[in-house]
Each structure stands twice: as C-alpha cells, then as structure tokens.
Amino acid sequence: MPSREIDLETIEEWRELGFYYDVDRPQQRWILRGDRAGLLGFASRLRAYARNPKNALLSEHEHFGPYFYLTIITAEAAAISGDGWHGTLADFGRLAVMIEGNLQFSTQTEFRIGDEFAMGCGWTILFFVEQDGFDPSSADAGIVHRI
C-alpha cells in the first residue's frame, strides 16, 4: 500500500492537472471529470502539444496525471484506445476545439466525443462537468479510501 506521503503527492498532482481521468476498458471509454476551468486547461494542453513542431514526429507523446496512463500520441490518424489517444497535431488541435466548444457554449453536465474525433474506433471520451472548485483528487477512489 502506498505511503501517506505518496497519497498526498498524488492528491497534489491531480489538483495541478485540474481534472481526474480513468479508463473503462470493458466499456471502451475514457472518463474525464473536472470543472470547466480544469477541462479547459486540458484543452489548452492539447493545443500546446499540437502547436509544438517537435511533436510532429510519429510516436511523440505526452503523459498526463499522477499515474501517467492518459497519453496522447502522434500518429497518422486519429484514434482512441485503451493505450491513449492518437492523432496528428491537427487532430489534437481539433480535439481541443471540440472540448472548448462543448464547455463554452453549453450548460450540459456531461458530453461525449467519439466518432467526431476518431471515426469507427469504437472508443469514446466521456466528460463530466463538475461544479466550479471541484477537487479532482476526490474522484480517485484509491486515495479517498486511504486518506
């Protein structure tokens, strides 16, 4: 079992990231949970990745969060899988716009992105929009039960 110090570091890493994520392999979906500011911050990170020419090489990637299993990977075509999200820099820029559009022009508390980003892959990204001030570490069941 992780030490209390590691749990506290993980809590801080979730808070710095601004949102919580998990992968649901049986349902073929990624789940992101955050307030508007946290999810917009993620869209901004996607946009920054897409604007960096160093990321144009195939297989370049970036890991997110305390566990690092959410990964965006430069690839020839857009795809969502249990290993991460794949695409060209333009695809990741387009994904950032989709996220921002859903957050800025709607009052919905959840939305999905799937085929509109990666046609036919069978996976989706489910976003839960929480109240302002949401603490993403509160969604990490492993930590919540230990602290």
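Two strands are taken to pair if DSSP finds at least two bridges between them. In this predicted model, strands S4 and S6 are joined by 3 bridges and run parallel. Within that pair, threonine 74 stands opposite glycine 87 of S6. On its other pairing, S6 (residues 84-87) is joined to S5 by 3 bridges as well, but here the two strands run antiparallel. The connection between S5 and S6 is a hairpin that passes through 2 residues. Two opposed pairs can be named along this hairpin, since alanine 79 stands opposite histidine 86 in S6, while serine 81 stands opposite glycine 84 in S6.

These pairings belong to an open sheet of 4 strands, arranged in the order S3-S4-S6-S5 and mixed in its pairing. Strand S3 (61-64) and strand S5 (79-81) stand at the edges, and because each has a single partner strand, one side of each is left without a neighbour in the sheet. Neighbouring strands of the sheet are turned against each other by 15° on average, when direction is ignored. Helix H2 (residues 36-51) packs on this sheet, where it touches S3, strand S4 (70-74) and S6, and the direction of the helix makes about 25° with that of S4.

The interior of the model was examined next. The largest nonpolar core contains 36 residues, and those with the most contacts inside it are Tyr21, Trp30, Leu32, Phe42, Trp85 and Ile99. At least two residues of this core are supplied by each of H1, strand S1 (20-24), strand S2 (29-35), H2, S4, H3, strand S7 (110-113) and S8. Of these elements, H3 provides the largest share, with 7 residues. The surroundings of isoleucine 99 illustrate the packing: when residues up to four places away in sequence are not counted, isoleucine 99 touches Leu39, Phe42, Ala43, Leu46, Phe111, Ile113 and Phe127.

Charged side chains were considered as well, and the count comes to 5 salt bridges, three of which are described here. In one of them, arginine 15 is paired with aspartate 135, with the closest N and O atoms 2.7 Å apart. This pair links distant parts of the chain, as arginine 15 lies in helix H1 (residues 4-17) and aspartate 135 in the loop between S8 and H4, 120 residues apart. Arginine 15, at 45% relative accessibility, counts as partly exposed, and aspartate 135 is likewise partly exposed, with a relative accessible area of 23%.

A further salt bridge is formed by glutamate 100 with arginine 47, the closest N and O atoms being 2.3 Å apart. Glutamate 100 lies in helix H3 (residues 89-104) and arginine 47 in helix H2, so this pair ties together parts of the chain that are 53 residues apart in sequence. With a relative accessible area of 17%, glutamate 100 is buried, because the term applies to residues under 20%.

The salt bridge between the side chains of arginine 94 and aspartate 91, at 3.0 Å from N to O, is placed within one element, for both residues lie in helix H3, 3 residues apart, or about one turn of the helix. The two partners fall into separate classes of accessibility, in that arginine 94 is partly exposed, with a relative accessible area of 32%, whereas aspartate 91 is buried, with a relative accessible area of 13%.

Another acidic residue, aspartate 140, takes part in polar contacts with aromatic side chains. Aspartate 140 is placed in the loop between strand S8 (124-130) and helix H4 (141-146), and it is buried, with a relative accessible area of 5%. Its side chain makes a polar contact of 2.8 Å with the side chain of tryptophan 14, and a polar contact of 2.6 Å joins the side chains of aspartate 140 and tyrosine 67. Leaving aside residues up to four places away in sequence, aspartate 140 touches Thr10, Trp14, Tyr20 and Tyr67.

Key. Residues are numbered from 1 along each chain as its sequence is written. This is a predicted model: local features need pLDDT of at least 70, side-chain atom pairs count only at pLDDT 80 or more; totals for chains, interfaces and linings use all residues. Side-chain values use heavy atoms; hydrogens and water are left out. Axes are lines fitted to C-alpha atoms, for helices over the stretch in contact, and angles run from 0 to 180 degrees between N-to-C directions. Contact means heavy atoms within 4.5 Å. Buried means under 20% relative accessible area, exposed over 50%, partly exposed in between (1.4 Å probe, protein chains only). A polar contact is a pair of N or O atoms within 3.5 Å; within protein, one must be able to donate a hydrogen and the other to accept it, and residues adjacent in sequence count only if both atoms are side-chain atoms. A salt bridge is a side-chain nitrogen of Lys or Arg within 4 Å of a carboxyl oxygen of Asp or Glu. A nonpolar core is a set of buried Ala, Val, Leu, Ile, Met, Phe, Trp, Tyr and Cys residues joined through side-chain atoms within 4.5 Å.
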